[in-house]
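Visitor: I would like to learn how to read a binding site and the cysteines in a model like this one. Could you walk me through it?

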Amino acid sequence: MALTLYFNPQSRARTMRWLLEELGVPYEIAPVGYEDGSMRSPEFLALNPMGKIPVIVDDGVVVTESVAIAIYLCDKYKSTNDLAPALDDPLRGPYLRWLVYYAAGLEPAMTQKLVGFELNPRTAGWGSYEQVVSVLKDLLGKADPWILGERFTAVDVVLGNGVSFAMQFGAFPKEPEFTAYCDRLLARPALKRATEEVA
Ligand SMILES: N[C@@H](CCC(=O)N[C@@H](CS)C(=O)NCC(=O)O)C(=O)O
C-alpha cells in the first residue's frame with residue numbers, strides 16, 4: 001500500500017495532511033513548489049489538469065479536490081480511526097452537508113470578502129458573505145464540542161480548518177463562537193504532527 005500526498009505547507013494540502021494524521025494512515029509526501037514549475041509539469045498536469053494541490057495517489061487511484069479527498073479517505077480508512085458516519089447513520093446527512101458547505105459556502109464567501117465583489121445573493125449559490133458567516137457562527141457556537149456533537153469527524157478538519165484559515169487571513173471576524181471552537185481544534189495532537197516540517 002502506498003499513499004502519496006502532493007504537498008506544500010502554504011496550501012490547502014495542509015488540511016489533507018492533518019486528516020491523514022487524524023486517520024493514522026501511513027503516507028508519503030511529494031513536495032511541490034509554487035515557483036519551481038512543478039505544478040505545471042506534464043506529469044503533474046496528468047494527475048490534476050487544474051495544476052493545483054492537494055492531490056493524492058492511493059495505490060494508483062488519483063483523487064483531487066479537498067472535499068472529495070476527505071470523503072474518499074475517511075470512507076476507505078475506517079479501521080484506523082473512523083472519522084466518517086456510516087451510510088445508514090443519521091449523522092451521515094449532516095456530515096455530507098457540512099463537508100460540501102466548505103467548498104460551496106465557505107470558500108466562495110471567503111473569496112468574496114478578500115477580493116471585494118458584490119453579487120445578487122439570490123443568484124450566488126452561497127448567498128452572501130454575511131449569510132455564510134452567520135450560518136457558520138451559529139453552527140460553531142453550537143458545536144459541543146465538535147460540529148456533529150460528541151463525535152469528531154472530517155467535517156471538523158475540513159470546515160473547521162477553513163474557518164481557522166479564514167480568520168488568520170482576516171476574511172472572517174474573530175468572534176468568540178469561532179475562536180473557542182478553533183482553540184479546541186488547535187489542541188489536537190494530530191494537527192501538531194501535521195505542521196511538523198517535512199523531512
Ligand atoms: N478546489 C480546490 C482548490 C485547490 C487550490 O486552490 N490549491 C492551491 C493551493 S491552496 C494551488 O494549488 N494553487 C496553485 C496554482 O493554482 O498554481 C480544493 O479544494 O482542493
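Guide: Gladly! A residue counts as near a molecule if one of its heavy atoms lies within 4 Å of it. Keep in mind that this is a predicted model.

Visitor: Which residues surround the ligand?

Guide: The shell is made up of S11, R12, Y34, M39, R40, G51, K52, I53, P54, E65 and S66. By character, these shell residues split into four nonpolar, three polar and four charged.

Visitor: And where does the ligand sit?

Guide: Its place is in the largest pocket.

Visitor: Which side chains have a polar atom 2.7 Å from the ligand?

Guide: For polar contacts, we look for pairs of N or O atoms within 3.5 Å. Here, K52 places a polar side-chain atom 2.7 Å from a ligand oxygen, and E65 has one 2.7 Å from a ligand nitrogen. In S66, a side-chain N or O atom is 2.9 Å from an oxygen of the ligand. As for cover, the ligand on its own has 520 Å² of accessible area, and the protein covers 78% of that.

Visitor: Now the cysteines. How many disulfides does the structure hold?

Guide: The general idea is that a disulfide covalently joins the sulfur atoms of two cysteines. This structure has zero disulfides.

Visitor: Why is C74 without such a bond?

Guide: Because its closest cysteine sulfur, in C182, is 19 Å away, which is too far for a bond. C182 is likewise in no disulfide, with the sulfur of C74 as its nearest cysteine sulfur.

Visitor: Is C74 buried or exposed? And what about C182, buried or exposed?

Guide: Residues under 20% relative accessible area count as buried. C74 is buried because its relative accessibility is 0%, and C182, at 4%, is therefore buried too.

Terms used: Residues are numbered from 1 along each chain as its sequence is written. This is a predicted model: local features need pLDDT of at least 70, side-chain atom pairs count only at pLDDT 80 or more; totals for chains, interfaces and linings use all residues. Side-chain values use heavy atoms; hydrogens and water are left out. A polar contact is a pair of N or O atoms within 3.5 Å; within protein, one must be able to donate a hydrogen and the other to accept it, and residues adjacent in sequence count only if both atoms are side-chain atoms. Accessible areas come from the Shrake-Rupley method with a 1.4 Å probe; for residues, only the protein chains shown count as cover. On a 1 Å grid over the protein atoms alone, a cavity is a set of points where a 1.4 Å probe fits but cannot get out, and a pocket is an open set with protein on both sides within 12 Å along at least five of seven lines; lining residues have an atom within 4 Å of a point. A molecule sits in a cavity or pocket if more than half of its atoms lie within 2 Å of its grid points. Ala, Val, Leu, Ile, Met, Phe, Trp, Tyr, Cys and Pro count as nonpolar, Asp, Glu, Lys and Arg as charged, and the others, Gly among them, as polar. A disulfide is a pair of cysteine sulfur atoms within 2.5 Å. Buried means under 20% relative accessible area, exposed over 50%, partly exposed in between (1.4 Å probe, protein chains only).
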